[in-house]
Structures are given as C-alpha cells and as structure tokens.
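This report describes selected structural features of the model shown below. It proceeds from secondary structure to the nonpolar core, the salt bridges and individual residues.

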Protein chains: 2
Amino acid sequence: MVVLSVLTPVLAVVLCLVIGFMLVRSAQTETTSSTSSGETERTPKADFRPWVDQDLQDDTEIKGREDEDGDWVDSNEEEELLHVAYSASVYPEETMLERSKDFYTQMNQRRSVRFISPEPVPREVINNVIRTAGTAPSGAHTEPWTFVVVSDPETKHQIRLIVEEEEEVNYRQRMGDKWVHDLSRLKTNWIKEYLDVAPYLILVFKQTYGILPNGKKRTHYYNEISVSISCGLLLAALQNVGLVTVTSTPLNCGPQLRLLLKRPANEKLLMLLPVGYPASDATVPDLKRKPLDDIMVHI
Amino acid sequence: MVVLSVLTPVLAVVLCLVIGFMLVRSAQTETTSSTSSGETERTPKADFRPWVDQDLQDDTEIKGREDEDGDWVDSNEEEELLHVAYSASVYPEETMLERSKDFYTQMNQRRSVRFISPEPVPREVINNVIRTAGTAPSGAHTEPWTFVVVSDPETKHQIRLIVEEEEEVNYRQRMGDKWVHDLSRLKTNWIKEYLDVAPYLILVFKQTYGILPNGKKRTHYYNEISVSISCGLLLAALQNVGLVTVTSTPLNCGPQLRLLLKRPANEKLLMLLPVGYPASDATVPDLKRKPLDDIMVHI
C-alpha cells in the first residue's frame, strides 16, 4: 500500500507527460494546417537558407536546391542555350524624350472602367494583346501564365453567378461593421453586370508549378510576380488599342472558376479582366495620381 | 500522511496539466513564428472569412474590416469621390489591329539584357518612365510604390557589394549540389558588373502599409501584385524608348538595401532594375517564347 501510494504520483506524472507530449504534437500540426496550403509549403526548413527572398510573398515553394538565380535568367541553364547578339532600336535623345512623354500621356489616360459596351471587339486584337502579355519576363523563363479568354455568353454568365455569390457573402458579412452605413450603395458593389456585358472576360491564371517531361514537378519561381508583370503589359496593350478593363481579383472564387474553366490543379486564378470598348455613358471616379516626387526618390 | 499520499497524485496531475497547457501554448507560438513575419500576419483568424483570396499570396494583411472590394476601386470610398465622364481614344478596327500588332512587335523585342552601356541617359526620360509606372492600378488606389533611382556611383557600388555578397553565399551553399559542376561558370552568376556600370539602378519598393493622417496604419491590399503590375508598365516604358534592363529580385538583400537607401519600415524591396542603353557587344540567350496556343485558351 505504501509502495503504491509512492508509485501513484510517479505514474500520474508519466501519464501526464505522455498526454502533454501528444497535445504539443497535435497543436503543432493544427497550427501548420490552419495556414493555407501554399504557406505550409513555404515554411522554411531549419537546415537551409531560404532560397526565395523572405521579403517577397510570392508563393514559390522554397526548395533551396534548384538551379535558380536572383536574376530572372532568360534561359533554363540546363539547356545551355546559345548566346546571340542583342540588337535594339536606338533613338536620338530628342526622340527618346518625345516617345517617353507620349507613352506616359497615353498610359496616364488609362482608367479602371466598370461600364463596358457590349459592342463586339475584333478577335485578332485580343490575340495580339495576349501575345503582348506573353512577352513578360518570368523567373527562369518559365512563362507561368494561362490566359483564358471567355466570349461564350453562357460561360460568362456562370462566371458572373460565381463571382456575385461570393461578393455578396463578403459584403453581407461586414453588415455590422461601422464602415457599412448604406446597404443600397453596397449592393452596387456586388452586382457585376459587366461580367455578362463585356464581349470578353480574360481570366489570368498563374501556374504555381510546371510538369517536366519526366513527369516531375518543376518549381515556378516568382510565378505570382511574373504573371502580375505580364498583366501590366496586358493593361498597356489594351490601353494602346483603346479598350478598357477593370483589374479585379475575385475573392475566394478561384477554385470554383478553375473548375468551371477546366484548368488543371497547378493553375490558380490571379485576375479577372472584363474587356471591351467603354460604354458611351461610362463614368470614373475623379481621382488623382500621386505626383512624381511622391513616388520617386533620386540618389 | 494518508491524506498527503492521496493528495500527492492529485497535485501531480494538476501540476502536469498546467505544464502541459503551457507547452501547448508555447508550441503554437513557436510554430507561428517559424514562418516568416509576413505569413504570420496572414494566418487567418478563425472567426472571420479571409478577406483576401486564399489563392493569392500577396502579403496583404488580412483584416476583414476595411472597406475593400474585389475590384480594385479607383477611389477611396470614404472620400466619396465625384464620378466624371470617361472619354477614351476610339480607333477604327483596322487601326486597332495595326496598333495591337505594332505594340506586340515592339514588346516582343524586349529581352533581359545583362550587358549595359555606361553611356549616360537623359534624366527626364527616366522621370517619364517612372511616371508611366505610376499609372498602374492598385488595390483601393493606394499607389503602394516607391521607385528609388540611383545614379550616384558610390551608392551603386555599395548596392553591388551587398548584392554580390549575398549571391555568393547563395551559390557557395549549393556547392555540393548535383547541379553544380562548374564553379567558374557559376562565378559569373554572382558577379554583377552591371550594378556599377549601368547609369541608373531602379530599386522598386512595395509599401506594405500606409500611414493615415491620424497616424494609424492603412492596409495596402494586393500591394505586391499592384507593384508588380507597375513594373510591367515600367518595362514597357523602357522598351518604348530603347533602354534595356534585367528583372532581378536580389535574394535576401532587401533589408540591407532598405537601410542603405534609408527607406522606411513599411517599404520592402521587390525588384532591382539596372537601366541603360545595351552595350554594343551585348548578347542574350537564344530563347523562344511560347506560341499563342500554349498561353491562351478561348471559350
């Protein structure tokens, strides 16, 4: 009896340690899986230096083993591409100055326009705009983009239903919020008529990884940044031909839209751009852009 | 004594539960802090729906409380901006087609060039290029970008030292790797002569948050995507005047470069672009871009 009463606390301690250890393990697992899957992949392993800059949030998986460079090499080094002479247009200084001014003036006229005309747009113009977006640089020249151009009315409508349903949930959730003081004003925010009306919807997908000929996954470094840069070129190309769009990143609709458009698992929606001519009565908020001194520092 | 020997296991159990609870708490904290700080901020709280799409890895802090839209509103809704008529250049179809082709041809000639001439470039051209980048759309029109243009030779050299030191560490670390079979070839990868030679280095910072007039932080939604889009416009503007660059994201140099350039804590380095005319003997790898059918799907 004395032996037992001495042993009991020891047994209790051992039991508690075992339970405690199991709780710690399960808590670690839970915490990890509560972050999104992309983040889980990026959790740096302790034994190597992260290969992707910690300041960048691009969802490139950190592997630390691939043949990658801080420069965005235009070649896959394994292929040992031939180097060729680079020939460029060279302009006299005066022409450069004029061209830089004209291009700025043109781009500065670009605005996000929500009122898009149903008037049809030549298909070949859209093709050239997408070709232009495809000239963007990308990490290790992986060209990790897929542009899904939707003109089919039924598919456009399905997209609208998915986007509006999610948007409504998002807005309604904030109903109690101090910012929300006018339901009818908000309503206009989740009704996206342009998704039916615009002759084209361009859904831009980023390929988070590629598939090598041997079936293995190939990491697409900086894929989100690369695809965003290509969207910058896309916006420039649209503006250059007098078409308008509004940059949108539909909240939480990516997976549903990916399934609707039958895109593979390595593709994730980055942006949705309705494209067309501006409606004749289109309006835009009377905003100003920051002056040069607020965005540039010279050293 | 009997009472004590009965109480001892109870006390042991209580003590173990307390210790176990503390271990669980600390394990959760550790797991969270082992991911990068950006990710910690993004860990979704359980009690609200993440406001930023889980497919997007942009490091916008998830707050769920701000007046934000899936569309990139061009106005801060709190300011209730006036809406004005949107007027646009409208081109006949034939002109559109021609313009779209010409712009594609021009952008398709862009290449990442590492061999940059020291020849000076007119400052006003650089100003216009930065102005053009500043016309990009941004989440809630926050314009979350700072372009640091460096022409001072001493600062350029300091930047080179920081970047090369980090690059060398990165490369040496992979020395045992099966990919690394030629040290001398690799060496050319961490020597970045262009950082001294190029007349301008443009360091693009993203502002991860802003400061409101009342001193509070303002979340900059989609700041990394926004700034990447503006880099797309920057590349287009450079190409338009016959200047070259190479898109680089210096690994792990952000914090040091931020301090060197005296940028505030809300700014993080996204890209470093050396800018100038191409060197007369510049070469580029003989790469091809994917054809339209590989990057576009029409529905």
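The paragraphs that follow treat a helix and a strand of chain B, then the core, the charged pairs and several single residues. The model is a predicted one.

**Helix H5 and strand S3 of chain B**

Helix H5 of chain B covers residues 153-173. At 1.5 Å a residue, the 21 residues of H5(B) should span 30 Å, and the end C-alpha atoms of this helix are 30 Å apart, so the expected and computed values agree. The buried residues of H5(B) include nonpolar ones such as Ile159(B), Ile162(B) and Val163(B). Charged residues are also found among the buried positions of H5(B), including Lys156(B), Arg160(B), Glu164(B), Glu166(B) and Glu167(B). Glu168(B) also has its place in this helix. Because its relative accessible area is 26%, and buried means under 20% whereas exposed means over 50%, Glu168(B) is classed as partly exposed. The C-alpha atoms of Glu168(B) and Trp190(B) lie 5.6 Å apart, although 22 residues separate the two in sequence.

Strand S3 of chain B, residues 200-207, is mostly covered, with eight of its eight residues buried. Covering applies to both faces of S3(B): Tyr200(B), Ile202(B), Val204(B) and Lys206(B) are buried on one side, and Leu201(B), Leu203(B), Phe205(B) and Gln207(B) on the other. S3(B) pairs with strand S2 of chain B, residues 145-150, in the antiparallel sense over six bridges. In this part of the structure, Thr146(B) stands opposite Phe205(B). S3(B) is also joined to strand S6 of chain B, residues 267-275, through eight bridges, and these two strands run antiparallel. Here Tyr200(B) faces Val275(B) of S6(B).

**The nonpolar core**

In soluble globular proteins, nonpolar side chains tend to be buried together. The largest nonpolar core of this model holds 80 residues, and the members that touch the most others are Ile130(A), Leu243(A), Ile130(B) and Leu243(B). Which residues are in contact with Ile130(A), leaving aside its neighbours within four places in sequence? In chain A they are Phe147(A), Val149(A), Ile202(A) and Leu234(A), and in chain B they are Leu292(B), Ile295(B) and Met296(B).

**Salt bridges**

Over all chains, the count comes to 14 salt bridges. Three of the pairs are set out below.

| Pair | N to O distance | Accessibility |
|---|---|---|
| Arg160(A) and Glu164(A) | 2.7 Å | both buried |
| Glu267(A) and Arg263(A) | 2.7 Å | both buried |
| Arg131(B) and Glu124(B) | 3.2 Å | Arg131(B) 26%, Glu124(B) 34% |

Arg160(A) and Glu164(A) both lie in helix H5 of chain A, residues 153-173, where they are four residues apart, about one turn of the helix. Together with Asp196(A), these two residues form a network of salt bridges. In the pair from chain B, Arg131(B) is partly exposed because its relative accessible area of 26% falls between the limits of 20% and 50%. Glu124(B), at 34%, is partly exposed as well.

**Individual residues**

Thr132(B) is found in helix H4 of chain B. With a relative accessibility of 1%, Thr132(B) counts as buried. The side chain of Thr132(B) reaches the backbone oxygen of Asn128(B) at 2.7 Å. Not counting residues up to four places away in sequence, Thr132(B) touches Ser100(A), Phe103(A), Tyr104(A) and Met107(A) in chain A, and Leu233(B) and Ala237(B) in chain B.

Ser112(B) has its place in the loop between helix H3 (93-108) and helix H4 (123-133) of chain B. Is Ser112(B) buried or exposed? Ser112(B) has a relative accessible area of 1%, under the limit of 20%, and is therefore buried. The C-alpha atom of Ser112(B) is separated by 5.9 Å from that of Thr245(B), a residue 133 places away along the chain.

Two residues of chain A have a positive phi without being glycine. For His141(A) the angle is about 50°, and for Glu143(A) phi is near 45°. His141(A) is placed in the loop between helix H4 (123-133) and strand S2 (145-150) of chain A, and Glu143(A) is in the loop between H4 and S2 of chain A. The relative accessible area of His141(A) is 16%, so this residue is buried. Glu143(A), at 5% relative accessibility, also counts as buried.

Note on methods. Residues are numbered from 1 along each chain as its sequence is written. Chains are lettered from A and ligands numbered from 1 in the order in which they are written. This is a predicted model: local features need pLDDT of at least 70, side-chain atom pairs count only at pLDDT 80 or more; totals for chains, interfaces and linings use all residues. Side-chain values use heavy atoms; hydrogens and water are left out. A nonpolar core is a set of buried Ala, Val, Leu, Ile, Met, Phe, Trp, Tyr and Cys residues joined through side-chain atoms within 4.5 Å. Buried means under 20% relative accessible area, exposed over 50%, partly exposed in between (1.4 Å probe, protein chains only). Contact means heavy atoms within 4.5 Å. A polar contact is a pair of N or O atoms within 3.5 Å; within protein, one must be able to donate a hydrogen and the other to accept it, and residues adjacent in sequence count only if both atoms are side-chain atoms. A salt bridge is a side-chain nitrogen of Lys or Arg within 4 Å of a carboxyl oxygen of Asp or Glu. The expected span of a helix is 1.5 Å times one less than its number of residues. Two strands pair if DSSP finds at least two bridges between them.
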